[in-house]
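Trainee: Could we go through this model together, so that I learn how each label is justified by a value?
Mentor: Yes, let us take the labels one at a time and set each value beside its cut-off.

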Amino acid sequence: MLQNIRIVLVETSHTGNMGSVARAMKTMGLTNLYLVNPLVKPDSQAISLAAGASDVIGDAVIVESLDEAIAGCSLVVGTSARSRTLPWPMLDARECGVKCVEEGAQAPVAIVFGRERVGLTNDELQKCHYHVAIPANPDYSSLNLAMAVQILAYEVRMAFLQSDRVEQPQYEESPYPLVDDLERFYQHMEQMMVTSGFIRPSNPGQVMSKLRRLYTRARPERDELNILRGMLASFEKKRGEN
């Protein structure tokens, strides 16, 4: 199951951090590392600081965009150290570990970490189902990248070990859609709103951001998303007939 959990680093600027993250991951049994548009490629310093986890560095998947890194995932959790203008469903570190293990049993999940200095952008955070914040000392909350990965990887491992001790009920609910399907739904919905005149491309405001937040909070299952897509297609067809 742990193979279904991706650690995603966005635009990492120091190869030493890549190595330290790989070490933090492997000590907790995680090996699936994605590097999104790294400012420098892994080098000898990354291998050195990996301290025995060089295989995690060597097998890291390097992609150009966050969309590529989270493609195929049913759950995406983004790390955020500060409140945003648009509130989003939040998890603490322990809740993050439990939710990743629960959903990782069915499909890939991703925990996304931002740039060392500025973290994730608002657009990137809106691609996540949840945000997770580590409740560090407010008087000194300076966690480096590897520390943050270590804390969340530890919580994932603890949740994984606990799940092995407890008999799991049969999974009966409809699975959640992959992020790729959600993005197609958002694009379809935005296109319909533009076509109908509900929003103007030149001045869309925050309509789509707020709708993303609404559906992220609701977390429609795959069957429910299919109903929504079918509803949009029906409106589109009816409009074409008129």
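Trainee: Why is Glu 103 in helix α5 called buried?
Mentor: Keeping in mind that this is a predicted model, we take the computed relative accessibility of Glu 103, which is 9%, and set it against the rule that buried means under 20%; Glu 103 therefore counts as buried. Leaving aside its neighbours within four places in sequence, Glu 103 is in contact with Ser 74, Leu 75, Val 109, Tyr 176 and Arg 219.

Trainee: What makes Asn 32 buried or exposed?
Mentor: Asn 32, which lies in strand β2 (residues 32-36), has a relative accessible area of 18%, and because the cut-off for buried is under 20%, Asn 32 is buried. The side chain of Asn 32 also reaches the backbone oxygen of Gln 3 at 3.1 Å, and since a polar contact needs N or O atoms within 3.5 Å, that distance satisfies the limit. Once neighbours within four places in sequence are set aside, the contacts of Asn 32 are Gln 3, Ile 5, Arg 6, Ile 7 and Met 25.

Trainee: Why is Glu 11 called partly exposed?
Mentor: The relative accessible area of Glu 11 is 23%, and partly exposed is the class between under 20% and over 50%, so Glu 11 belongs there. Glu 11 sits in the loop between β1 and α1, and its phi is near 50°, a positive value in a residue other than glycine.

Trainee: Which class does Ala 51 fall into?
Mentor: With a relative accessible area of 44%, Ala 51 is not over the 50% required for exposed, and so it is partly exposed. Ala 51 is found in the loop between α2 (44-50) and α3 (54-58), and its phi, near 50°, is again a positive value in a residue other than glycine.

Trainee: How do you know that the span of α1 agrees with what is expected?
Mentor: At 1.5 Å a residue, the 13 residues of α1 should span 18 Å, and because its end C-alpha atoms are 19 Å apart, the two values agree. Buried residues of α1 include Thr 15, Gly 16, Val 21 and Met 25, and the buried residues of this helix pack against β1, β2, α2, α3 and α7. Just after α1, Gly 29 takes a positive phi of about 85°.

Trainee: How does the reach of α7 compare with the expected span?
Mentor: Helix α7 (residues 145-165) has 21 residues and reaches 31 Å from its first C-alpha to its last, close to the expected 30 Å. Among the buried residues of α7 are Leu 145, Val 149, Glu 155 and Phe 160, and what covers the buried residues of α7 includes β1 (5-10), α1 (15-27) and α5 (93-104).

Trainee: What makes Asn 144 a cap of α7?
Mentor: A side-chain oxygen of Asn 144 lies 3.2 Å from the backbone nitrogen of Ala 146, at the N-terminal end of α7, and the limit for a polar contact is 3.5 Å, so the distance fits.

Trainee: How many cavities of 30 Å³ or more are there?
Mentor: The count comes to two cavities, and the largest cavity holds about 90 Å³ of space. The elements that give two or more residues to its lining are α4 (66-70), α8 (179-196) and α9 (207-218), and α8 gives the most, with four residues. By class, the lining of the largest cavity has five nonpolar, three polar and four charged residues.

Conventions: Residues numbered from 1 in each chain as written. Predicted model: local features only at pLDDT ≥ 70, side-chain atom pairs only at ≥ 80, totals over all residues. Heavy atoms only, no water. Expected span 1.5 Å × (residues − 1). Buried < 20%, exposed > 50% of the residue type's maximum accessible area, 1.4 Å probe, protein only. Contact = heavy atoms within 4.5 Å. Polar contact = N/O pair within 3.5 Å; in protein donor to acceptor, adjacent residues only side chain to side chain. 1 Å grid on protein atoms, 1.4 Å probe; cavity = no way out; pocket = protein on both sides within 12 Å on 5 of 7 lines; lining within 4 Å. Points joined across faces, edges and corners; volume = space filled by probe spheres on them. Nonpolar A, V, L, I, M, F, W, Y, C, P; charged D, E, K, R; others polar.
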